[in-house]
Amino acid sequence: MNEELCCANEELHRGLRNHPGIRETEDRECFTPPREFSTLFSQSIMEAVIPHTFVGPKVTFTGMEDPEAHLTAFHTQMMLVGGSDAVKCKLFMSTLTGMAMDWFISLPDGHITSFAQLSQLFRKQYIANRALPPVSMIFFT
């Protein structure tokens, strides 16, 4: 049975590749299921409800930016709209993309219990990306 499904799947892939107008990347995107991950937040965070009228932050972090700048931008936007600690945890997750999301979903189940803890883990993970403080050059004559 499994062998039959594999053969049928391969036949479909060949047909799509040979079809004009369908690129190979579209072919792969059609058949790649989304990655699933378990619950990284504690039960109390998971139970927190985000109001449907709540507007999430408009910042993103790929893993290449300064983590402090990202946290500052996130905090600024959250101050404007409010939200509990648990809501901050949930919404912070939505700002991560690419390798930053890969890092986040690699955390152990139920590991995140507060936004302070999540911020600390985030800072430690991306400390190498932190911008250096400005250097002041003072010359004495």
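**Exercise 1. State which pattern the protein chain follows along the sequence.**

Solution. Read along the sequence of this predicted model, the protein chain follows the pattern α-α-α-α-α-α-α. A count of elements gives 7 helices and 0 strands.

**Exercise 2. Determine how helix 4 and helix 7 are oriented to each other, and describe their contact.**

Solution. Step one is to locate the elements: helix 4 covers residues 67-81, and helix 7 covers residues 115-125. Step two concerns the geometry: the two axes come within 10 Å and cross at roughly 155°. Step three applies the cut-off: angles over 145 degrees count as roughly antiparallel. Helix 4 and helix 7 are therefore roughly antiparallel to each other. Step four adds the handedness, as helix 4 passes helix 7 in a right-handed crossing. Step five lists the residues: P67, E68, H70, L71, F74 and H75 of helix 4 meet F115, S119, F122 and R123 of helix 7. In this contact of helix 4 with helix 7, 5 residues are nonpolar, 3 polar and 2 charged.

**Exercise 3. Determine how helix 4 is oriented to helix 5, and describe the contact of these helices.**

Solution. Helix 5 spans residues 85-93. Its axis and that of helix 4 are 12 Å apart, and the packing angle is about 125°. Angles from 65 to 115 degrees count as roughly perpendicular and those over 145 as roughly antiparallel; the angle of about 125° belongs to neither class, and helix 4 and helix 5 are therefore oblique to each other. The crossing of helix 4 with helix 5 is right-handed. From helix 4, the residues H70, L71, F74 and M78 take part; from helix 5, V87, K88, L91 and F92. The residues of this contact divide into 6 nonpolar, 1 polar and 1 charged.

**Exercise 4. Locate L107 and decide whether L107 is buried or exposed.**

Solution. L107 lies in the loop between helix 6, residues 98-105, and helix 7. The relative accessible area of L107 is 12%. Because buried means under 20% relative accessible area, L107 is buried. When residues up to four places away in sequence are not counted, L107 touches L40 and I112. In addition, L107 and T39 are 68 residues apart in sequence, while their C-alpha atoms are 9.5 Å apart in space.

**Exercise 5. State what percentage of the residues of the protein chain count as buried, and describe the accessible surface.**

Solution. Of the 141 residues, 28% count as buried. The accessible surface of the protein chain comes to about 10,100 Å², and 60% of this area belongs to carbon and sulfur atoms.

Definitions and conventions. Residues numbered from 1 in each chain as written. Predicted model: local features only at pLDDT ≥ 70, side-chain atom pairs only at ≥ 80, totals over all residues. Heavy atoms only, no water. Axes fitted to C-alpha atoms, helices over the stretch in contact; angles between N-to-C directions. Helix = DSSP H or I, 4+ residues; strand = E, 2+ residues; numbered from the N terminus. Parallel < 35°, antiparallel > 145°, perpendicular 65-115°, else oblique. Left-handed = near helix turned anticlockwise from the far one by under 90°. Contact = heavy atoms within 4.5 Å. Nonpolar A, V, L, I, M, F, W, Y, C, P; charged D, E, K, R; others polar. Buried < 20%, exposed > 50% of the residue type's maximum accessible area, 1.4 Å probe, protein only. Areas by Shrake-Rupley, 256 points an atom, 1.4 Å probe, with all protein chains shown as cover.
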